[in-house]
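Please load the structure in a viewer and keep the selection panel at hand. The tour below proceeds stop by stop, stating what to select and what is found there.

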Amino acid sequence: SVRAFLFREWKAASVFYLAPPREFRILLWMLLLGLISIILFFGQTLPVAVDEAGLYMTYTRRSPLIVLSFYAGPTNHVLHSFLTSLTYYLPFGATTNLRLPNLFIALLAFLCIYRAFSTFVSRHAALGAALAFSLSYFPLNYSIQARGYELFVFCTLLLVWAAARFLDTQKDRYLIWMGVATVAGTSTIPTFLYPYFIVQSYCALFLLSARTPRFIIQKFILANMAAGISVLLVYSPIILFNGLGAITHNYNVVPIPRTEVMQGLFPLFARAFGDAIGISQPFLGWSLFVAVPVLLLGRALRLRAQGRSYHFLALTLALVAVSPALLFIQSVLPPTRVFIYYTLPIAAAFATVVHFIFQKVSLSTKPLGLALALMAMILVTHFRAQHAIRNDYEYCLHQSLRQIHYDRVQSISSDYVNLGDLANYHAVVSSRDQKRLITMRFHQNDPDFLKSDLVIFSQGGASALATHVPLHFDSCQMEIGIAKDRYVALTEK
């Protein structure tokens, strides 16, 4: 039964996490508390991003049943949107409720990374790699930002770990976890099919080449069929009400000539490696693109020669090697955030290096804790700096519009939609007592291009509550005068 299965898994996880010495367990839980504090702090202080505003306005504040059947565009990461529609009703601030699901997913990813990496490196190295993964730019950004990419990378991690364990043990329990990861990942973002195809192809080739008993292969096939049917059931309301094209058509990613794909393919993946950890220098991205596969291949071959499990590393290496081929076949060049799962091979390569260092320099728990604390400070500082650079418009709008609703504003976000000569900026303002929608409109053919008109609506969008304020942008240098809670004046500093 499901209850018995969950009980067995809980017991197995408890044995693993409680097995180390007491000091090491204390360090593990301190790191978890530190990760929670970091995510909560940034979740309350960082401006809400463009896509979060779209998520909130289009999906979160609707009924959970509508979220599962309404697909206005690829911004609907269905399972994640469904979770935010549930946390929407919690008695916290709007921003906290919106971002809360990713906090729990980030904690699960940290624990899962630590457990998965412990199969091929020491526990000390696995713990360091888990922390480095969680505080890398993409994972930390999407642990804070209310988007489905954190759930996407967690499901990829779960799929890779379960597949590696299945190939090692051929136990049914890991087929179940593979199915759970497949359904959850694909129900979040359809591009989860990239890692799914790579992992399942690797498993099928290994099972066939190893002359696995027929009944094991049959179980593998049946498990994949069950997962596929479950995904179709999840998407069936969307297909029924919106059509299949709503899912298959992504206006941000369209097919292009394969000659252009060939030209941009490897620069794209070099940027993906760099963006994953928040570095902008092309040389460093190219260096990671070359170094990470070499480290993974070397460690996997050594583990195989020692007769130890190597499938996790081989699978992460396959994620790096096969993804470019899939894009060439599909003839597209998607945004680098699609390859957030590249943080897994980067973290695995980092764990390999740290494991080698720890073999040469033995560290007790206390020095290890100090080293991890220093690493966390460096990564968090780097993240904060990179986030301000990569989201400068959101910071500008956040700082400017905070003055509109005095100190009661908790978060503001923006969205830009180009409609010919008319451009719209949408912003969600979350206050302690209500939620407001701000829309700024300006004509691009206006002689004074930076002049905008600010319109404030209630959550329901009642135009009768609108108040108009002329805006003059000057790199965030603006003042907003407030008289009797009415927004009556704005002048440049």
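A pocket, as the word is used here, is an open set of grid points with protein on both sides within 12 Å along at least five of seven lines. The model under inspection is predicted.

**First stop: the second largest pocket.** The second largest pocket has a volume of about 750 Å³. Select Trp10, Ala13, Leu108, Arg115 and Trp177, which are, of the 17 lining residues, the closest to the centre of this pocket. Next, display the elements α1 (2-18), α6, α9 (149-169) and α10 (172-188), each of which gives two or more residues to the lining. Helix α1 provides the largest share of that lining, namely seven residues. Colouring the lining by class yields 14 nonpolar, one polar and two charged residues.

**Second stop: the largest cavity.** How many cavities of 30 Å³ or more does a search of the whole structure find? The search returns six. For the largest cavity, the volume is about 100 Å³. To outline this cavity, select Ile39, Leu40, Gly43, Gln44, Thr95, Thr96, Arg99, Leu100, Leu103, Ser143 and Ile144, which line it. At least two lining residues come from each of α2 (22-45), α6 (94-117) and α8 (137-144). Which element gives the most to the lining of the largest cavity? That element is α6, with five residues. Classified by type, the lining of the largest cavity comprises five nonpolar, five polar and one charged residues.

**Third stop: Thr75.** Select Thr75, located in the loop between α4 (64-67) and α5 (78-87). Its relative accessible area is 23%, so Thr75 counts as partly exposed. Then add Ile189 to the selection: Thr75 and Ile189 are separated by 114 residues in sequence, yet their C-alpha atoms lie 9.1 Å apart in space.

**Fourth stop: two residues with positive phi.** Most residues other than glycine have a negative phi. Centre the view on Arg211, in the loop between α11 (193-209) and α12 (214-242). The phi of Arg211 is near 55°, a positive value in a residue other than glycine. Proceed to Ser331, in the loop between α16 (311-330) and α17 (343-360). The phi of Ser331 is near 65°, likewise positive in a residue other than glycine. Is each of these residues buried or exposed? Arg211 counts as exposed, because its relative accessibility is 78% and the threshold for exposed is over 50%. Ser331 is buried, because its relative accessible area is 7% and buried means under 20%.

**Fifth stop: confidence.** Colour the model by pLDDT. The mean pLDDT of the protein is 79, and 77% of its residues reach 70 or more. Among the elements, α9 has the highest mean pLDDT (96), whereas strand β8 (residues 486-492) has the lowest (28). Now select residues 403-493, over which the pLDDT is below 50; beyond near neighbours in sequence, this stretch has 216 contacts in the model. Where pLDDT is low, the predicted coordinates should not be read in detail.

**Last stop: the whole protein.** Restore the full view, in which the protein has 19 helices and eight strands. Of its 493 residues, 52% count as buried. The protein exposes about 22,700 Å², of which carbon and sulfur atoms supply 65%. Among contacts between residues at least 6 apart in sequence, 65% join residues at least 24 apart.

Note on methods: Residues numbered from 1 in each chain as written. Predicted model: local features only at pLDDT ≥ 70, side-chain atom pairs only at ≥ 80, totals over all residues. Heavy atoms only, no water. 1 Å grid on protein atoms, 1.4 Å probe; cavity = no way out; pocket = protein on both sides within 12 Å on 5 of 7 lines; lining within 4 Å. Points joined across faces, edges and corners; volume = space filled by probe spheres on them. Helix = DSSP H or I, 4+ residues; strand = E, 2+ residues; numbered from the N terminus. Nonpolar A, V, L, I, M, F, W, Y, C, P; charged D, E, K, R; others polar. Buried < 20%, exposed > 50% of the residue type's maximum accessible area, 1.4 Å probe, protein only. Contact = heavy atoms within 4.5 Å. Areas by Shrake-Rupley, 256 points an atom, 1.4 Å probe, with all protein chains shown as cover. pLDDT = per-residue confidence, 0-100.
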